[in-house]
Amino acid sequence: MKLSLADRLSARMRARTVRTVREGPVLRVELNCPASGNAVTEAMLDDLLAVLAVPDPEVRVLVLSGAGDDFCLGGDRGEFADWLDEDPTGRGIRVAGDKARRVCEALSTGQAVTIARIQGKAIGAGLALALACDLRVGADTSGFRLPELALGLPTAWGGVLPRLIHEVGAARTRELILTGRAFDAAEAHELSILQRVVPEDELDAAVTAWAKPLVRRPEAALRVTKALLNSYAAPTRLADPAVLDAELMATVAAATRRPRDTGGSAAGAARAR
């Protein structure tokens, strides 16, 4: 019997897509779908929101990481296609896109200092999640890409575009998005996408080196300092229309929808952009 989209999503939501470990004032949040390269699904967004939407005031530092070989290979294209099959107007994309915006805003504006720990690849939505964090450390073997345009989609997920322009600059952002080319950790560091690059086996030590002094800072001073940094950064953004990301993604996806290719061994697998 063929399951409806709602049944498939319900089954996915029962799986544990995010794993959390509390270590005193440090909360470690791990994307926990290594078989799919931690592809972002609606279930994962729901699990992230369950952690982030009502933050623990005792948490000073939140570390975001990915299980397995890759940090995150982007959005699950199979689920994306399912949403369009269920509703060609793109309603499912709008719903998930709004959740993506809320997740990224919680990472960037929450009271805790957020650290992205990146190994392997951070692609599309994965790069957006990393950019939403205050501090980002990557393995020297890590790689990055924004392939949305090649997939017929706008770069409109979680507010990634204004963050990228703010952190990297308009000219370099334009080149990365229009070409969709891959770039390595050294270039990511040059572009300020990564603030630090280390061998992969030193990632945890690098995270600890950042977290250790942060947890000793007075709570009020740390919270206000992060708010000040966000406030002073905001005027340098000419526009931040992240609230429109879900609508833009859904509208373009619906307009360019193509028949699904259900053949081949990759059918039914998680296909991350």
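What share of the contacts in the protein chain with a separation of 6 or more comes from residues 24 or more positions apart? The share is 76%. Welcome to this predicted model, a protein chain of 273 residues, of which 47% count as buried. Along the chain there are 11 helices and nine strands. The points below walk through its cores, a few individual residues, two helix pairs and the cysteines.

**The nonpolar cores**

- The largest nonpolar core has 52 residues. Leu48, Leu64, Leu107, Leu129, Trp157 and Ile193 are the residues with the most contacts inside this core.
- Helix 4, spanning residues 91–109, supplies the largest share of this core, with seven residues.
- There is also a second, separate core of 15 residues, and Val137, Ala206, Ala211 and Leu214 are among its members.
- As a bit of background, nonpolar side chains tend to be buried together in soluble globular proteins.
- Leucine 64 is a good place to start looking around the largest core. Setting aside neighbours within four places in sequence, leucine 64 is in contact with Val29, Leu31, Leu48, Phe71 and Leu107, and also with Ile115, Ala116, Arg117, Leu129 and Cys133.

**Strand 1 and valine 18**

- Valine 18 sits in strand 1, which covers residues 18–23. With a relative accessibility of 8%, valine 18 counts as buried, because the cut-off for buried is under 20%.
- Valine 18 and leucine 48 are 30 residues apart along the chain, yet their C-alpha atoms are separated by 6.8 Å.
- Not counting residues up to four places away in sequence, valine 18 touches Val29, Glu30, Asn32, Met44, Asp47 and Leu48.

**Strand 3 and the loop after it**

- Serine 65 belongs to strand 3, residues 61–66. Serine 65 is buried, at a relative accessible area of 10%.
- Beyond its neighbours within four places in sequence, serine 65 is in contact with Val29, Glu30, Leu31, Phe71 and Arg117.
- Aspartate 70 lies in the loop between strand 3 and helix 3 (77–86). Aspartate 70 also counts as buried, at 17% relative accessibility.
- From aspartate 70 to alanine 39 the C-alpha to C-alpha distance is 9.7 Å, with their positions 31 residues apart in sequence as the separation.
- Leaving out residues up to four places away in sequence, aspartate 70 touches Asn38, Gln119, Gly120 and Lys121.

**Helix 3 against helix 4**

- Helix 3 and helix 4 cross at roughly 135°, and their axes come within 7 Å. That angle makes helix 3 oblique to helix 4.
- On the helix 3 side, the residues that meet helix 4 are Phe80, Trp83 and Leu84. Helix 4 answers with Gly92, Ile93 and Ala96.
- By type, the residues of this contact are five nonpolar, one polar and no charged.

**Helix 6 against helix 7**

- Helix 6 (residues 160–168) and helix 7 (residues 170–179) pack with their axes 7 Å apart, at an angle of about 130°. Helix 6 is therefore oblique to helix 7.
- Leu161, Leu164, Ile165 and Val168 make the contact from helix 6, while Ala170, Arg172, Thr173 and Ile177 make it from helix 7.
- The residues of this contact divide into six nonpolar, one polar and one charged.
- Within helix 6, the buried residues are Val160, Pro162, Arg163, Leu164 and Val168.
- After helix 6 comes glycine 169, which has a positive phi, near 110°.

**The cysteines**

- How many disulfides does the structure hold? The number is zero.
- Cysteine 72 is in no disulfide, and the nearest cysteine sulfur, in cysteine 33, is 9.4 Å away. Cysteine 72 is buried, with a relative accessible area of 0%.
- For cysteine 104, the closest cysteine sulfur is in cysteine 133, at 8.5 Å, which is too far for a bond. A disulfide needs the two sulfur atoms within 2.5 Å.
- Cysteine 104 is buried, and its relative accessible area is 0%.

Methods:
Residues numbered from 1 in each chain as written. Predicted model: local features only at pLDDT ≥ 70, side-chain atom pairs only at ≥ 80, totals over all residues. Heavy atoms only, no water. Axes fitted to C-alpha atoms, helices over the stretch in contact; angles between N-to-C directions. Helix = DSSP H or I, 4+ residues; strand = E, 2+ residues; numbered from the N terminus. Parallel < 35°, antiparallel > 145°, perpendicular 65-115°, else oblique. Contact = heavy atoms within 4.5 Å. Nonpolar A, V, L, I, M, F, W, Y, C, P; charged D, E, K, R; others polar. Buried < 20%, exposed > 50% of the residue type's maximum accessible area, 1.4 Å probe, protein only. Core = buried A, V, L, I, M, F, W, Y, C linked by side-chain atoms within 4.5 Å.
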